[in-house]
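Reader: I would love a close look at one part of this chain, told as a connected story. Could you pick a spot in the core and work outwards from there?

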Amino acid sequence: SKAPITVAVTGAAGQIGYSLLFRIASGALFGADQPVNLRLIERNDEKAMKGLTGVCMELDDCAFPLLNSVHPTCDIDDGFTGVNWALLVGSVPRGPGMERKDLLSINGKIFTGQGQAIEKNAASDVRVLVVGNPCNTNCLIAMNSAKSIPTDRWFAMTRLDENRAKSQLAAKAGVHSTAVTNMTIWGNHSATQYPDFFNAKINGKPATDSISDTEWLQGPFISTVQKRGAAIIEARGLSSAASAANAACDTVYSLTRPTPASDWTSVAVCSDGSYGIEKGLMFSFPIRTDGSKWEIVQDVPVNEFSQAKIKATEDELKEERAAVTELGLI
Ligand code: NAX
């Protein structure tokens, strides 16, 4: 049988963790014949670690055929030892009265420490997906704290936004979500992200052929996707967790298998200057991969409307980077 793949998850006792771990253990990332080791990382806090113990008990109780080992810890050097994939989910949410700068500063310290611990302890083929918000900038910080790990191993998650956009377009066109392809999320995982309906396809043809309501596409469609996180909180009283865990699984799945012909997927990667985006920013682009090496899809048409939206989200990421540079985090 195959050698296990080792996956670290931070924030493992949190809401997303509670969905994500069970999906990983049942084969959602690497398939039904690939055993996994889980290394579960939580804060050095009694309540968090006790919660993690409970989650580990439930993982035991599933008797998952693919789950080779589970290792809970609050020591990040231990937690990242030998990991092939690091899913950085844990971060500190913005509390009442907390300034944006305080948030960047608190999370900045978490992600510099985790970047260093990954560099020191992970497997030589490690790949990192940051989910914890602000995910693009947290990823930028971790990547800059681990300079010996190639920049093409670092990803921040915009797949939930991609999936949300596909589902909105499918509902509007009256088709199944699988009919929607080539859905790019450009930029930041935030309210400035741009879900690019111009280049999306429905049943292989431009989405705009099936959806003629341009006013809806340029207005409510974009804002619904941008603000979906807040709408879920409003409805559920809790932030999106199962759908976020699902998107994390989709991201790893898509990055480890060849992209279907003529389609692409969205994930934030370190910009190489494509589409005029400043080099070094963690920016969500259309991506294709053969399952190991990935590339930014070039020559996707960007019209004036799209250009303005892409500029706005790039500007926001530049501001976030300036703030963390000023704080000495990168
Ligand atoms: P929870 O607050 O339920 O869980 C977070 C967990 O992280 C807690 O158990 C906490 O103890 C732990 N934690 C905090 N600091 C840690 C550290 N230094 N090391 C290890 N663990 C630590 O949040 P949850 O709903 O699970 O969301 C987690 C993160 O995902 C949040 O930052 C959230 O904003 C972000 N999201 C990102 C999304 C994306 O699309 N990129 C979508 C969903 C989600 O909002």
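Author: Gladly, and please keep in mind that this is a predicted model. Let us start at valine 9, which, leaving aside its neighbours within four places in sequence, is in contact with Leu20, Leu21, Ile24, Arg39, Leu40, Ile41, Leu87 and Val89. Valine 9 also belongs to the largest nonpolar core, a set of 69 residues in which Val9, Leu20, Leu59, Leu87, Leu169 and Phe221 touch the most other members. Helix 10, residues 242-255, gives the most to this core, with seven residues. A second, separate core has 30 residues, including Ile118, Ala142, Trp154 and Met282. As general background, nonpolar side chains in soluble globular proteins tend to be buried together.

From valine 9, the contacts with Leu20, Leu21 and Ile24 lead us to helix 1, which spans residues 15-25. The buried residues of helix 1 are Ile16, Gly17, Leu20, Leu21, Phe22, Ile24 and Ala25. What lies over them? The cover includes strand 1 (5-10), strand 2 (36-41), helix 2 (46-62), strand 3 (67-73), strand 4 (85-88) and helix 10. Just after helix 1 comes glycine 27, with a positive phi near 105 degrees.

Helix 2 deserves a closer look as a partner of helix 1. The two pack with their axes 11 Å apart and at an angle of about 30 degrees, and are therefore roughly parallel to each other, as angles under 35 degrees count as such. Their crossing is right-handed. On the helix 1 side the contact is made by Tyr18, Leu21, Phe22 and Ala25, which meet Val55, Glu58, Leu59 and Cys62 of helix 2. By kind, the residues of this contact divide into seven nonpolar, no polar and one charged. Leu21 thus appears here as well as among the contacts of valine 9, while Leu59 is one of the core members that touch the most others.

The loops on either side of helix 2 are worth a visit too. Asparagine 44 sits in the loop between strand 2 and helix 2 and is exposed, with a relative accessible area of 68%. Its C-alpha atom is separated by 5.1 Å from that of cysteine 74, although the two are 30 residues apart along the chain. In the loop between helix 2 and strand 3 we find alanine 63. Alanine 63 is not a glycine, yet has a positive phi of about 45 degrees, and is exposed at 61% relative accessible area.

Back in the core, Leu169 and Phe221 were also among the members touching the most others, and glutamine 168 takes us to that region. Glutamine 168 is found in helix 6, residues 159-173. Is this residue buried or exposed? Glutamine 168 is buried, because its relative accessible area is 18% and the limit for buried is under 20%. Not counting residues up to four places away in sequence, glutamine 168 touches Trp216, Phe221, Thr224, Val225 and Arg228.

A little before those partners in sequence, threonine 208 lies in helix 7 (residues 207-210). Threonine 208 counts as partly exposed, at 31% relative accessibility. Setting aside residues up to four places away in sequence, threonine 208 touches Phe197 and Leu217. Phenylalanine 197 and threonine 208 are eleven residues apart in sequence, and their C-alpha atoms are 7.5 Å apart in space. Asparagine 203 lies in the loop between strand 10 (201-202) and strand 11 (205-206). Like alanine 63, asparagine 203 has a positive phi without being a glycine, here of about 50 degrees, and it is exposed, with a relative accessible area of 56%.

One more helix pair makes a nice companion to the first. Helix 5 (residues 135-144) and helix 11 (residues 304-326) have axes 10 Å apart and pack at an angle of about 45 degrees, which makes helix 5 oblique to helix 11. Helix 5 passes helix 11 in a right-handed crossing. Asn136, Thr137, Leu140 and Ile141 of helix 5 make the contact with Leu317, Glu320, Arg321 and Val324 of helix 11. These residues divide into four nonpolar, two polar and two charged. Proline 134 is found in the loop between strand 5 (127-130) and helix 5, and a cis peptide bond joins it to asparagine 133, with omega about -5 degrees.

How values were computed: Residues are numbered from 1 along each chain as its sequence is written. This is a predicted model: local features need pLDDT of at least 70, side-chain atom pairs count only at pLDDT 80 or more; totals for chains, interfaces and linings use all residues. Side-chain values use heavy atoms; hydrogens and water are left out. A nonpolar core is a set of buried Ala, Val, Leu, Ile, Met, Phe, Trp, Tyr and Cys residues joined through side-chain atoms within 4.5 Å. Buried means under 20% relative accessible area, exposed over 50%, partly exposed in between (1.4 Å probe, protein chains only). Helices (H or I, at least four residues) and strands (E, at least two) are DSSP runs, numbered from the N terminus. Contact means heavy atoms within 4.5 Å. Axes are lines fitted to C-alpha atoms, for helices over the stretch in contact, and angles run from 0 to 180 degrees between N-to-C directions. Angles under 35 degrees count as roughly parallel, over 145 as roughly antiparallel, 65 to 115 as roughly perpendicular and the rest as oblique. A crossing is left-handed if the near helix is turned anticlockwise from the far one by less than a right angle, and right-handed if clockwise. Ala, Val, Leu, Ile, Met, Phe, Trp, Tyr, Cys and Pro count as nonpolar, Asp, Glu, Lys and Arg as charged, and the others, Gly among them, as polar.
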